[in-house]
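Work through the exercises below with the sequence and the model side by side. Try each task before you read its solution.

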Amino acid sequence: MKINQVSTASFLDQKPGTSGLRKKVTVFQQAHYLENFVQSIFDSLTIPAGAILVLGGDGRYYNSVAIQTIIKMAAANGFAKVMVGQGGILSTPAASHVIRLYKTFGGLILSASHNPGGKDGDFGIKYNVSNGSPASETITEAVFALSKKITTYKIADLPDVDLNVLGETQFDEFNVSVFNPVMDYADLMATLFDFEAIKSLLASGFKMKFDGMHAVTGPYAKEIFLNRLQASADALMNCDPSEDFGGGHPDPNLTYAEDLVKIMYAGAQSPDFGAASDGDGDRNMILGKGFFVTPSDSLALIAANAKLVQGYEGGIAGVARSMPTSGAVDRVAEQLGIPCFETPTGWKFFGNLMDAGKVTICGEESFGTSSSHVREKDGLWAVLFWLNILAIKRQSVDQIVKRHWVQFGRNVYSRHDYEAIPNDAANSVIAHIHSRFATLPNQVFGGHIVKSCDDFSYTDPIDGSESTKQGIRILFTDGSRIVFRLSGTGTEGATLRVYLEAFEPDSANHHLDAQVALSVMIEIALQISELKARTGRNTPTVIT
Ligand code: G16
């Protein structure tokens, strides 16, 4: 096997964000851009003899080109074997599972998640370590530092591998295995959930609709829902992956999963349960008939009902949520007498807690929920968890949520996103709120008294690492809260996220629409931040 050492010049913009490096496809298509980043990852590692690399992605445009390059670079950098999902397909949670199951060295997942795909869309690459978790900030910072001074990369002179044919190809000491990306993951789900109970729910006239958003979960959904749970074919929509996600934006929320939302809000004939997943299969949205379950409530409900589900019937050790996620799960943890951890945004912060056995279930307001069965968030897992709860309770989705609120109170919650605003404008909003930190406490806004404000910092309780500047919190004496944070996953300008929360113990008010119930908080957020004047935006791009 001939190994070429190729001269290159560094790019200075290869800083990984919340979840890996995400850029426009055209940026990745620049000569040496992908190679530089992959070599920087490999150079940050000590690759032992016999190391196996798991490789795959969400099937978006440029996926298969990048895979062929990475296979050749892995061979040149000392990996003994690359395991690649057939067709280059591998959902993020399935990749995490396969990394763990086969005790591999780690994996590269090619995805820009919920961001649009196609020639003019986004591409991304993320490195996951041997426990299946996204690499820590320490690793991603090291990769970024190396990417700024790289001068050469290594690539083997090998022919392309046919990604569509299952099986092994040997090149001298190096092996490429094209494997079925669905089966191991589907088998894992069958151990966690009561498939017989879900099957009888689906056979009882209960109607579900799962929207694959033309993204990676399609093949997984077909195997699990059609083959194993015997759902009818019309339970699935948009389950054929395409390179540009059917021209859509594969983000499972009320704005971008528009077709599913229409079906679920069509009145009496709507299905009983609706769900969607994103580009790489780690996000989920849960809907009932004309009813949206906020991701924060979904997390709380899953934790509260975990004992009903076979994989968790022994109880859960603890829960964790990202800081901007509502405190609904905290109330459940308190009642269960288990710890609840508050981490910065990003799944990578949960890995250590899970490895240490402190946390079983965790989630984020950004449509992510999962458990220690993998080290990633897991869209289909959340959908199956809900179906399992529904199969046992035999109540409607909205009944289950409303009864939960009666028991625990309702953390009314909403997120307002202002997408693709100029970086300067977004930074000026953040700087302005910072400048008010000293004077905000004790001020009264719309009857709410500011208790404190800060920029969230986190010290990992396991390895002691510090993460600072993780979002501005304005906390009120009555338990309400406003959080301002800049997204770390966008590729165009800045996305400013405003997270709004208020606690409502009185069930007489639980029927209120979140935007109505939070209207005063929304006004306060706009007033304190001067967002409209500073960004020129009068309304959010997305409200969830
Ligand atoms: C990624 C991370 C999540 C994070 C989300 C939102 O999700 O994996 O942990 O909550 O980004 O990040 P931000 O608010 O910075 O845009 P995904 O689904 O894009 O991989």
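Buried means under 20% relative accessible area, exposed means over 50%, and partly exposed is in between, with a 1.4 Å probe and protein chains only. The model is predicted: local features need pLDDT of at least 70, side-chain atom pairs count only at pLDDT 80 or more, and totals for chains, interfaces and linings use all residues. Residues are numbered from 1 along each chain as its sequence is written, and side-chain values use heavy atoms, with hydrogens and water left out.

**Exercise 1. Cysteines**

Task: Find how many disulfides the whole structure has, and place Cys340 and Cys362.

Solution. Start with the bond itself. A disulfide is a covalent bond between the sulfur atoms of two cysteines. The test applied here is a pair of cysteine sulfur atoms within 2.5 Å. A search of the whole structure gives zero. Cys340 is in no disulfide, and its nearest cysteine sulfur belongs to Cys362, 11 Å away. From the side of Cys362, the closest cysteine sulfur is in Cys340, and 11 Å is too far for a bond. Now check the surroundings. Cys340 has 29% relative accessibility, so it counts as partly exposed. Cys362 has 0%, so it counts as buried.

**Exercise 2. Domains**

Task: Divide the chain into its assigned domains, then describe how domain 1 and domain 3 are placed.

Solution. The bounds come from an automatic or database domain assignment. That assignment gives domain 1 (3-181), domain 2 (185-408) and domain 3 (410-543). Next, take the C-alpha centres: those of domain 1 and domain 3 lie 36 Å apart. Their contact (heavy atoms within 4.5 Å) takes nine residues from domain 1 and seven residues from domain 3.

**Exercise 3. H4 against H6**

Task: Describe the packing of H4 and H6 by angle, distance and residues.

Solution. Two packed helices are described by the angle between their axes and the distance between the axes. Helices (H or I, at least four residues) and strands (E, at least two) are DSSP runs, numbered from the N terminus. Axes are lines fitted to C-alpha atoms, for helices over the stretch in contact, and angles run from 0 to 180 degrees between N-to-C directions.

1. H4 covers residues 92-101 and H6 covers residues 183-192.
2. The angle is about 90 degrees, and the axes are 9 Å apart.
3. H4 and H6 are therefore roughly perpendicular (65 to 115 degrees; under 35 is roughly parallel, over 145 roughly antiparallel, the rest oblique).
4. H4 brings Pro93, Ala94, His97, Val98 and Leu101, which meet Asp184, Tyr185 and Leu188 of H6.
5. By class, these residues divide into six nonpolar, one polar and one charged. Nonpolar covers Ala, Val, Leu, Ile, Met, Phe, Trp, Tyr, Cys and Pro; charged covers Asp, Glu, Lys and Arg; the others, Gly among them, are polar.

Now follow H6 further. Its buried residues are Asp184, Tyr185, Ala186, Leu188, Met189 and Leu192. They pack against H4, H7 (195-203), H8 and H13 (379-393).

**Exercise 4. H13 against H14**

Task: Repeat the analysis for H13 and H14.

Solution. H14 spans residues 397-408. H13 and H14 pack at about 90 degrees, with axes 11 Å apart. The pair is therefore roughly perpendicular. Trp386, Ile389, Leu390 and Lys393 in H13 meet Val397, Ile400 and Val401 in H14. This contact has six nonpolar, no polar and one charged residues.

**Exercise 5. Positive phi**

Task: Locate His214 and Phe245, and decide whether each is buried, partly exposed or exposed.

Solution. Most residues other than glycine have a negative phi. His214 has a positive phi, near 60 degrees. His214 sits in the loop between strand S10 (208-211) and helix H8 (217-228). Its relative accessibility is 25%, so His214 is partly exposed. Phe245 also has a positive phi, near 55 degrees. Its loop runs between strand S11 (236-237) and helix H9 (258-264). At 2%, Phe245 is buried.

**Exercise 6. Two buried residues**

Task: Which residues do Asp297 and Gly288 touch, leaving out those up to four places away in sequence?

Solution. Asp297 lies in helix H10 (residues 295-304) and is buried at 3%. Asp297 touches Ala328, Trp405 and Asn411. Gly288 lies in strand S13 (residues 284-288) and is buried at 1%. Gly288 touches Met264, Asp272 and Val397.
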